Amino acid sequence: MQKEVNIIGAGLAGCEAAYLLANNGVKVNLFEVKSLMKNDIQKTNDLGELVCSNTLRSKSKKNAAGILKNEMKLLNSLVLKAALENEIPGDDALSVDRFGFSKYITGKIKNHKNINLIEQEVSEIDYTKVTIIASGPLTTDKLGKNIELMTGNEKLFFLDASAPIITKDSIDFNKVYWASRHNDAKDGQYICMPLNEEQFNAFVEELKNAETIKLKSFEKEIYFKGCQPIEQIAKTSKKVLLNGPLSPNNLIDENGNTPFAVVQLRQDDAIDSLYNFVGFQTNIKWPEQKRILQTLPGLENLNIVRFGVMHKNYYINSPKLLNRSLQVKRNKNIFFAGQITGVEGYIESASSGILTAINVLAYLNNIKIEQPSRKSMLGALNFYITNPKHDKLKPMKCNLGILDQQNKNAKSEFYSFDESEREIRRFIKGINNFAKIGESNE
Ligand SMILES: Cc1cc2nc3c(=O)[nH]c(=O)nc-3n(C[C@H](O)[C@H](O)[C@H](O)COP(=O)(O)OP(=O)(O)OC[C@H]3O[C@@H](n4cnc5c(N)ncnc54)[C@H](O)[C@@H]3O)c2cc1C
C-alpha cells in the first residue's frame with residue numbers, strides 16, 4: 001500500500017517536504033489555507049510565497065547563505081530550482097522575481113501525481129496520521145492553540161517586519177545613480193539615493209519621530225536581531241545606520257564622490273517595474289511611511305505598492321519538544337519543519353523542510369539515520385535548534401559560527417564550503433538505501 005503523509009502549510013518548508021516525499025513515492029496530502037484566508041502579509045494564492053525581501057541572500061562560496069544553498073542544491077531543493085529559474089539581477093545576492101518563483105513552485109506541486117493539494121485550514125492535529133507541521137511563523141490561531149495543547153502551552157515569539165516596495169517609474173532618475181550592493185561597479189544593479197550629512201540627520205529625525213503602529217506591552221522589544229525596524233535602529237544609533245542600511249560603503253557616484261549615506265533599492269520583479277528598499281523593515285504607520293520616504297532625493301513622487309508591516313513570528317521551543325529527527329518526542333507521528341521550529345529565514349526554512357522529509361521517510365521505512373553533522377550548515381542548524389542546552393530557544397539564521405569544522409586555519413578560502421559539501425554527500429550516501437535525492441518521479 002502507498003505510504004501517506006499529511007503536511008500542514010504549503011510555504012517554503014511544506015513544499016520542499018512535499019516534493020521530496022512525493023518524489024519518493026509517498027502520497028502527500030498538502031493542506032494550505034491561504035486561498036480561503038490570507039494573513040496580513042500574504043498577497044497571492046500561489047504556494048511558497050516570499051513575504052518580504054526577494055533575495056535568497058549571498059551566492060558567495062565564502063558566505064553561510066552560499067554554503068547552505070549549495071547543500072540545498074545537492075539535496076535537489078525545489079525552492080532553489082525555482083529561484084534559479086526566476087533569477088533577476090541582484091549583484092552577489094540570489095534575487096528572484098517573487099511572482100515567477102511562487103508560480104514555478106505551485107506548478108510543480110499541483111502537477112505532481114503524488115501530491116493532493118487540499119485548500120483548507122487545519123485546526124486540529126490528527127495524531128493517528130504521520131504529519132509534518134510546516135505552518136510557519138504566522139500559523140493560524142486555531143492551529144496555534146492546538147499546537148499549544150501539544151507543547152504544554154509553551155509557544156514563543158519574536159517580532160519581524162517587512163520593507164516597502166515601490167514602482168520604478170515613480171523614481172526621479174536625475175537624482176539617483178546605479179551601483180552594486182557594496183561598491184561603485186559600473187554595471188551596478190542597485191539604485192542608490194545619496195544623502196549628505198544634513199539630509200541624513202533630517203531623515204534620522206523623521207524616522208525617530210515617526211508614528212508607529214502600537215505594540216502590546218508584552219510584545220515590546222522582542223525583535224529578531226538583524227531584522228530590526230529602521231525606526232528602531234534610528235532611535236538606537238546613527239552609527240549603526242551608517243554601518244548598516246544607510247551605509248555609504250564604496251558607493252561612489254558618477255562624479256566620483258562618496259556620499260555621506262546611501263539608501264539602496266533592489267529590483268523586485270522580472271519585468272523590472274518594482275523595487276524594494278534594502279534593509280528598510282518598518283512598523284511606521286502607512287501614511288507616515290509615504291511622507292517620510294518622499295523626503296528622500298528622487299522619491300518625491302513615489303508610488304508604494306506594498307507598505308512595510310510588522311508581525312509576530314511564532315515558533316516552538318524545539319529543544320524541549322523535538323528530537324534531532326525534528327519529531328515530537330511524545331508523539332512520534334508528528335514532525336515539524338520550517339520557521340516554526342526556530343530556524344529563521346527563507347533558505348533556513350526551506351532546507352529544514354528537506355531534512356524533515358528525509359526523517360519522515362526514514363520513520364515510514366522504520367530506519368534509524370544519522371543526521372548530517374555540524375560540518376554542514378543544515379546539520380549545524382538542526383543541532384542548534386534541537387540542542388537541549390538551549391533552554392529557551394532563540395531563532396537562528398545560518399552563519400559560519402555554528403559550524404563545527406576542525407581545520408579553521410586551512411589554506412583554502414573555500415574550506416567551509418568544501419567541508420559542508422563533503423558532509424552532505426556523505427549524508428546522501430548514507431540514506432540512499434531508502435531515499436532518492438536528485439531524481440524525481442514527477
Ligand atoms: C513579516 C515577515 C517578514 C519576513 N521577511 C523575511 C525576509 O525578508 N527574508 C527571509 O529570509 N525571511 C523572512 N521572513 C522569515 C521566514 O523566512 C519566512 O516567514 C518563511 O516564509 C518561512 O517559511 P515556512 O515554510 O516555515 O512558513 P511560510 O512560508 O509562512 O508557510 C507556511 C504556510 O502555512 C499556511 N498555514 C498556516 N496555518 C495553516 C493552517 N492552520 N492550515 C493550513 N495552512 C496553514 C500559511 O498560509 C503558509 O502558506 C519573514 C517573516 C515574516 C513574518
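**Exercise 1. Find how far apart the C-alpha centres of domain 1 and domain 2 lie, and describe how the two domains touch.**

*Solution.* In this predicted model, the C-alpha centres of domain 1 and domain 2 are 30 Å apart. To see which parts of the chain are meant, note that domain 1 is made of two segments, 4-158 and 312-431, while domain 2 covers 165-308. Next, consider the contact itself, to which domain 1 contributes 22 residues and domain 2 contributes 19 residues. The area buried between the two domains comes to about 1,700 Å², and carbon and sulfur atoms account for 57% of that area. Finally, look at the single residues on the side of domain 1: Pro89, Asp91 and Phe157 together supply 29% of the area that domain 1 buries against domain 2, which is more than any other three residues supply.

**Exercise 2. Determine which polar links cross the interface of domain 1 and domain 2, and which elements of domain 1 take part in the contact.**

*Solution.* Begin with the charged side chains, for which the rule finds 1 salt bridge across the interface of domain 1 and domain 2. A salt bridge joins the side chains of arginine 98 and aspartate 268, with 2.7 Å from N to O, and this distance can be set against the cut-off of 4 Å. Then widen the search to polar contacts, of which the interface holds 11 residue pairs. On the side of domain 1 that touches domain 2, strand S5 (93-96), helix H4 (98-110) and strand S8 (155-161) each provide at least two residues, and S5 gives the most, with 3 residues. Sorted by class, this side of domain 1 has 10 nonpolar, 5 polar and 7 charged residues.

**Exercise 3. Identify the residues that come nearest to the ligand, and list polar atoms that lie beside it.**

*Solution.* There are 34 residues around the ligand, and those that come nearest are Glu32, Thr140, Gln339, Gly345 and Tyr346. Turning to single atoms, a polar side-chain atom of threonine 140 is 2.8 Å from a nitrogen atom of the ligand. Valine 122 instead places a backbone N or O atom 2.9 Å from a ligand nitrogen atom, and glutamine 42 has a polar side-chain atom 3.0 Å from a ligand oxygen atom.

**Exercise 4. Locate the two partners of the salt bridge between aspartate 46 and lysine 103 along the chain.**

*Solution.* The whole structure contains 19 salt bridges, including one in which the side chains of aspartate 46 and lysine 103 meet at 2.7 Å, N to O. Aspartate 46 sits in the loop between strand S2 (27-31) and strand S3 (55-58), whereas lysine 103 belongs to helix H4. The partners are 57 residues apart, and the pair thereby links distant parts of the chain.

Methods. Residues are numbered from 1 along each chain as its sequence is written. This is a predicted model: local features need pLDDT of at least 70, side-chain atom pairs count only at pLDDT 80 or more; totals for chains, interfaces and linings use all residues. Side-chain values use heavy atoms; hydrogens and water are left out. Domain bounds come from an automatic or database domain assignment. Contact means heavy atoms within 4.5 Å. Buried area is the accessible area (1.4 Å probe) that two parts lose on being put together, summed over both. A polar contact is a pair of N or O atoms within 3.5 Å; within protein, one must be able to donate a hydrogen and the other to accept it, and residues adjacent in sequence count only if both atoms are side-chain atoms. Helices (H or I, at least four residues) and strands (E, at least two) are DSSP runs, numbered from the N terminus. Ala, Val, Leu, Ile, Met, Phe, Trp, Tyr, Cys and Pro count as nonpolar, Asp, Glu, Lys and Arg as charged, and the others, Gly among them, as polar. A residue is near a molecule or strand if one of its heavy atoms lies within 4 Å of it.
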